[in-house]
Amino acid sequence: LQYNHLRWGLTMLLPLEIPPGIVKTDSPNAAKGRFTDCDKVRFYNGFPEKWSGWETFIPDTLLGVCRGAVSWSNKYGSTNAALGTHLKLYAMTGDDTISDITPIAPTGTINTDPFETTSGETLVTVTDTSHGADTGGFVTFSGAAASGGITISGEYQIVTIIDTDSYTIDHSAAATSSTTGGGASVTATYQIAIGTTGGTVGLGWSSGAWGAGTWGTPRTEGIPLDARVWSLVEYGNDLMASPSGGTIYLWEETTDVTAKAVANAPAYCRAMFVTGERFVFALGAGADGTTPMTVKWPDQDDITDWTPSVSNTANSRTLQSGSRIINGTPLSDGVNLVWSDTSLYVFQYTGSDFVYDSRLAGTNCGLVAPLGFAKVSGVAFWISGDQFYMYASGVQPIPNNDDVSDWVFNRMDTNQITKTFAIYDQKQNQVRWHYCSTGNTEPDSYVDVSLDGSWTWTVGTLSRTGGTQYRQAESSMLLVDENGVIFSHGVGKDADGAAMEAWVTFGLYAIASAQANVDVMGIVPDCERQVGDLDFEIYTKERPNSASNLDEQTVTLAPTDEIGDARVAGRHFGQTVRSNSIAGDFRLGIVNLEINQSGARR
């Protein structure tokens with residue numbers, strides 16, 4: 001893109017023939033002739049185009065921050081989805097109706113007259129000996145008689161744990177008198193303990209895995225608590241689910257109101273998946289969190305039989321490379337992957353007495369986030385500590401990831417890296433990672449790679465915490481924001497009814513080898529499609545490191561405009577093309593500049 005033989009007074013056309021993909025790791029001058037930044041833009045056949053849009057999928061919102069999602073076809077051929085948050089587990093059935101299927105703890109009748117009310121107050125004290133609940137947890141009451149002018153019935157979120165025998169809830173209306181009541185037939189149904197939105201250290205009542213330490217004893221040294229992440233997988237036509245640090249649950253749509261614990265499954269799992277051979281792999285499995293490198297699976301024909309014997313196929317394996325297992329996935333027939341924090345293992349199904357042969361496939365390529373991987377057509381893609389990797393028949397860096405990786409990892413908040421999640425965008429044939437930029441506690445940015453053979457990378461911003469493919473025949477995706485709103489992506493060109501801003505920046509070009517100032521006289525657009533105005537934001541610099549721009553101008557072009565008049569000059573040139581209108585769209589072709597050599601600016 002260098003014209004070295006410009007003549008005074010002679011106007012020429014300079015075609016901007018730019019290779020696809022964003023280059024973020026070179027300086028603007030070193031990346032001349034390339035695209036250097038973008039947002040909500042992808043490359044199609046080598047040319048940048050605007051993303052498809054999104055809209056709110058259903059009016060219901062999730063309670064808690066989504067950390068895990070899956071979709072599958074039920075026995076009737078309809079598409080179901082499950083979404084797990086740090087507070088709840090939800091199922092969305094084929095008619096897009098969402099239900100709370102959070103597993104429950106053992107249920108029973110609690111103390112007689114368990115409710116203590118105060119006149120004029122909504123806060124109610126509940127007495128339940130050895131309740132085992134925690135602050136923020138959920139409990140459902142039934143069978144209570146009116147007391148203090150109110151009736152405690154339905155689901156409540158626990159406000160404060162007072163001690164092992166009592167806690168407070170907040171009723172929707174204030175009591176009219178101070179009393180103790182509720183009767184002798186009150187039943188309390190507790191959901192499983194809630195998780196955290198981010199890593200922390202637990203010191204209080206019930207912190208840590210069930211059975212770890214002495215019940216009722218505060219943890220003086222603290223127990224590390226990871227952000228709750230759900231392993232959610234299809235099991236036949238049903239759902240298997242495991243919250244990080246918890247056991248394994250099964251939800252059968254036709255019979256279960258809530259997900260139910262799988263009998264005899266490990267009490268503690270870091271993650272879980274189901275192999276193509278229908279073995280349930282419990283990762284980091286044990287009675288507590290003291291076996292972080294152990295893989296366990298039950299008998300192939302009985303998911304309740306976890307004890308290895310000569311008459312079943314249950315087994316366990318302790319891996320050596322790494323300090324803890326992060327996650328795993330089935331990949332292809334007989335091939336399954338298990339990541340530790342440092343390494344990748346391949347589990348090959350053999351059908352022998354040992355069931356699987358496990359081998360170390362790579363080191364220094366561990367998975368840094370439980371949901372930071374995606375698999376596409378027998379290939380796995382994942383994020384490691386400072387690199388993006390793929391596995392087909394071996395481990396290798398994803399091609400061209402050096403174009404963006406240093407920039408991404410430098411701006412990524414290392415304290416929040418475990419919240420990174422990956423998703424495959426079937427419609428665009430891309431794998432995308434959503435991550436937290438510095439200072440943000442939930443994912444607000446993304447980086448993606450095209451799988452069309454070009455291995456082009458793009459970057460941008462989008463606030464989403466989890467998601468899944470949905471109704472693959474429509475190539476749609478469900479993504480959830482930190483407020484629990486579920487969006488259907490790949491719909492239209494707008495951002496839930498508002499204009500979706502999309503832009504791409506050309507690098508800093510030395511048009512005449514920076515030997516002379518050049519006038520840019522006009523912009524000749526070229527779009528395969530354009531809906532709405534496009535802004536061509538032009539800037540020039542005297543030198544690449546100049547603190548300020550020499551010239552700036554925005555030229556706005558409608559779809560029918562053949563040329564846009566411009567008047568900027570400089571030795572180095574850059575340009576951003578931006579769409580920011582309702583239903584706006586574009587796919588750029590080869591834009592031309594009208595240029596002429598000019599005198600130097602003073």
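## Two open sheets and some cysteines

Four strands, in the order E36-E37-E38-E39, make an open sheet with antiparallel pairing. Here strands (E, at least two residues) are DSSP runs, numbered from the N terminus, and two strands pair if DSSP finds at least two bridges between them. Keep in mind that this is a predicted model, where local features need pLDDT of at least 70 and side-chain atom pairs count only at pLDDT 80 or more, while totals for chains, interfaces and linings use all residues. Residues are numbered from 1 along each chain as its sequence is written, and side-chain values use heavy atoms, leaving out hydrogens and water.

**The sheet E36 to E39**

- Strand E36 (421-425) and strand E39 (457-461) sit at the edges with a single partner strand each, so one side of each has no neighbour in the sheet.
- From one strand to the next, the twist averages 20° (axes are lines fitted to C-alpha atoms, and angles run from 0 to 180 degrees between N-to-C directions).
- E36 runs antiparallel to strand E37 (residues 430-435), and five bridges join them.
- Ala422 has Trp433 in E37 as its bridge partner.

**The sheet E28 to E31**

- Another open sheet has four strands in the order E28-E29-E30-E31, again with antiparallel pairing.
- Its edges are strand E28 (325-332) and strand E31 (356-363); each has a single partner strand, so one side of each is left free of a sheet neighbour.
- Strand E29 (residues 335-340) pairs with strand E30 (residues 343-349) through five bridges in the antiparallel sense.
- Look for Asn336, whose bridge partner in E30 is Phe347.

**Cysteines**

- How many disulfides does a search of the whole structure find? It finds zero, a disulfide being a pair of cysteine sulfur atoms within 2.5 Å.
- Take Cys66: the closest cysteine sulfur to its own is in Cys436, 14 Å away, and that's too far for a bond.
- Cys66 counts as buried because its relative accessibility is 1% (buried means under 20% relative accessible area, exposed over 50%, partly exposed in between, with a 1.4 Å probe and protein chains only).
- Cys365 is buried too, at 1% relative accessibility.

**A loop glycine**

- Gly132 lies in the loop between strand E12 (123-127) and strand E13 (138-142).
- With a relative accessible area of 29%, Gly132 is partly exposed.

**How confident is the model?**

- The protein's mean pLDDT (the predictor's confidence in each residue, from 0 to 100) is 90, and 91% of its residues reach 70 or more.
- Over residues 200-224, though, pLDDT is below 50.

How values were computed. Contact = heavy atoms within 4.5 Å.
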